[in-house]
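Take a walk through this model, one feature at a time. Keep the sequence and the coordinates side by side.

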Amino acid sequence: MIEHNFPPLKNDRILKAARGEPVDRVPVWVMRQAGRYLPEFQEVRARHDFFAVCQTPALACQVTLQPIERFDLDASIIFSDILVIPQAMGLKVEMVAGVGPVLPQPLADPNDLARLVRPNVNEALKYVGDAITLTRHKLDGRVPLIGFTGAPWTLMGYMIQGGGSSTMAKARSWLYKYPEDTHKLLQMITDIVVDYLVMQVKAGAQLLQVFESNGDYLDDALFTNYSFKYLKQISKRVRNHLKEANIPEVPMIAFPKGATMNSLKILAKDQSYEVIGLDWTVDPTEARKQLGPNITLQGNMDPCSMYSSQDEIVDRAHKMVSNFGKTRYIANLGHGILPDTPIPSMEAFIKGVHSA
């Protein structure tokens with residue numbers, strides 16, 4: 001086991017909630033909590049390219065800590081991007097202002113799989129591990145640090161579409177035109193994701209989240225075959241690798257955004273992940289009823305509700321906690337915080353959760 005001599009953890013609420021243990025209050029964090037809604041983040045971005053921040057451990061650490069310095073949060077999440085994996089596989093990824101991530105040379109057909117490389121993750125993505133280790137020390141045990149990755153289907157979508165998409169038609173067409181090559185690509189990505197998550201834990205990550213951000217483009221059959229199959233494999237293999245290395249397991253979160261309730265039930269029943277993240281379209285009471293008592297739920301306030309008045313946000317967050325219940329629950333938004341979210345809204349959201 002690697003010894004980093006990290007400071008002792010002072011707030012373990014989120015780890016307890018993930019494992020189903022009692023907590024004194026509901027833990028809360030927010031996806032993209034280190035981001036454009038913070039003026040201090042904008043100052044860093046004014047001087048540095050997005051991926052330069054990701055690839056410079058001191059900068060990634062700095063922006064990871066920004067929301068922790070400002071808000072009463074119960075977890076930090078390392079500043080990075082899911083598309084560092086396609087980059088490591090040999091695809092160019094650019095962050096274009098006003099557009100988002102762009103892959104100028106996406107995969108057009110299965111012949112393009114030959115362009116992909118199988119990286120040594122410990123070398124190609126070492127900067128993420130270094131940022132995690134540095135951040136663990138700088139956090140000084142205030143809150144746990146979350147590591148993350150994109151799920152294989154979500155990464156495949158970007159690699160074929162060349163960026164975000166409202167239909168994901170090119171990527172989805174592969175599922176029907178090239179099923180064997182689709183599985184080949186998904187397995188290739190899965191192998192890298194496994195190594196990447198293990199590396200993050202070895203570097204100091206105390207919780208892992210797998211973002212299946214394009215879950216809403218899959219029906220139940222497609223979800224089972226092209227998403228769940230690989231999500232399950234990732235969890236099993238990561239845990240096995242950690243066990244072999246004599247490293248304690250860390251809780252794992254799957255966030256299949258937009259997945260149907262049936263797909264969520266498949267994931268919950270398997271119990272590959274201690275936590276399932278829910279987007280804002282899912283009813284908390286129904287989720288509790290359908291997904292059972294042995295899974296921790298995370299979510300799921302509408303990010304756009306953060307434009308309400310502060311009093312309304314406090315009330316909405318308070319009601320959300322009441323609907324989910326305080327056991328096996330981690331409060332969050334139902335997707336990443338939006339770039340122009342007012343700072344007082346974040347404060348009101350956290351206040352509403354913690355006062356419930």
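At what angle do the axes of helix 9 and helix 10 cross? This is a predicted model, and in it the crossing is at roughly 120°. The two axes come within 6 Å. Helix 9 covers residues 169-177, and helix 10 covers residues 179-203. Angles of 65 to 115 degrees count as roughly perpendicular and those over 145 as roughly antiparallel. The crossing therefore makes helix 9 oblique to helix 10.

Now look at who touches whom. Helix 9 brings W174, L175, Y176 and K177 to the contact. Helix 10 answers with P179, T182 and L185. By class, this contact has 5 nonpolar residues, 1 polar residue and 1 charged residue.

Turn next to the empty space. Rolling a probe the size of a water molecule over the atoms shows where such space is left. The largest pocket holds about 1,200 Å³. Its lining takes in 43 residues. Which of them lie nearest the centre of the pocket? They are R32, R36, F50, D81 and M95. Helix 2 (39-47) supplies at least two residues of this lining. Strand 2 (94-96) and strand 3 (100-102) each do so too. By class, the lining of the largest pocket divides into 26 nonpolar, 11 polar and 6 charged residues.

Closed space is another matter. How many cavities of 30 Å³ or more does a search of the whole structure find? The search finds 1. About 30 Å³ of space lies in the largest cavity. P7, P8 and L9 help to line it, along with R136, L139, G141, V143 and Q206. This lining has 5 nonpolar, 2 polar and 1 charged residues.

Aromatic rings come next. The structure holds 8 aromatic pairs. One of them joins Y37 and F71, with ring centres 6.4 Å apart. How do these two rings sit, stacked or edge-to-face? Their planes lie at 15°, so the pair is stacked. Planes under 30 degrees apart count that way. Y37 is in the loop between helix 1 (13-19) and helix 2. F71 is in the loop between helix 4 (57-70) and strand 1 (76-77). The pair therefore ties together parts that are 34 residues apart in sequence.

Two backbone details close the tour. Where is there a cis peptide bond? One joins G299 and N300, with omega at about -10°. N300 has its place in strand 8, residues 296-301. The other detail concerns N5, in the segment before helix 1. N5 is not a glycine, yet its phi is positive, at about 55°.

Notes: Residues are numbered from 1 along each chain as its sequence is written. This is a predicted model: local features need pLDDT of at least 70, side-chain atom pairs count only at pLDDT 80 or more; totals for chains, interfaces and linings use all residues. Side-chain values use heavy atoms; hydrogens and water are left out. Axes are lines fitted to C-alpha atoms, for helices over the stretch in contact, and angles run from 0 to 180 degrees between N-to-C directions. Helices (H or I, at least four residues) and strands (E, at least two) are DSSP runs, numbered from the N terminus. Angles under 35 degrees count as roughly parallel, over 145 as roughly antiparallel, 65 to 115 as roughly perpendicular and the rest as oblique. Contact means heavy atoms within 4.5 Å. Ala, Val, Leu, Ile, Met, Phe, Trp, Tyr, Cys and Pro count as nonpolar, Asp, Glu, Lys and Arg as charged, and the others, Gly among them, as polar. On a 1 Å grid over the protein atoms alone, a cavity is a set of points where a 1.4 Å probe fits but cannot get out, and a pocket is an open set with protein on both sides within 12 Å along at least five of seven lines; lining residues have an atom within 4 Å of a point. Grid points are joined across faces, edges and corners, and a volume is the space filled by probe spheres set on the points. Rings of Phe, Tyr and Trp (its six-membered ring) pair if their centres lie within 6.5 Å; planes under 30 degrees apart count as stacked, over 60 as edge-to-face and the rest as tilted.
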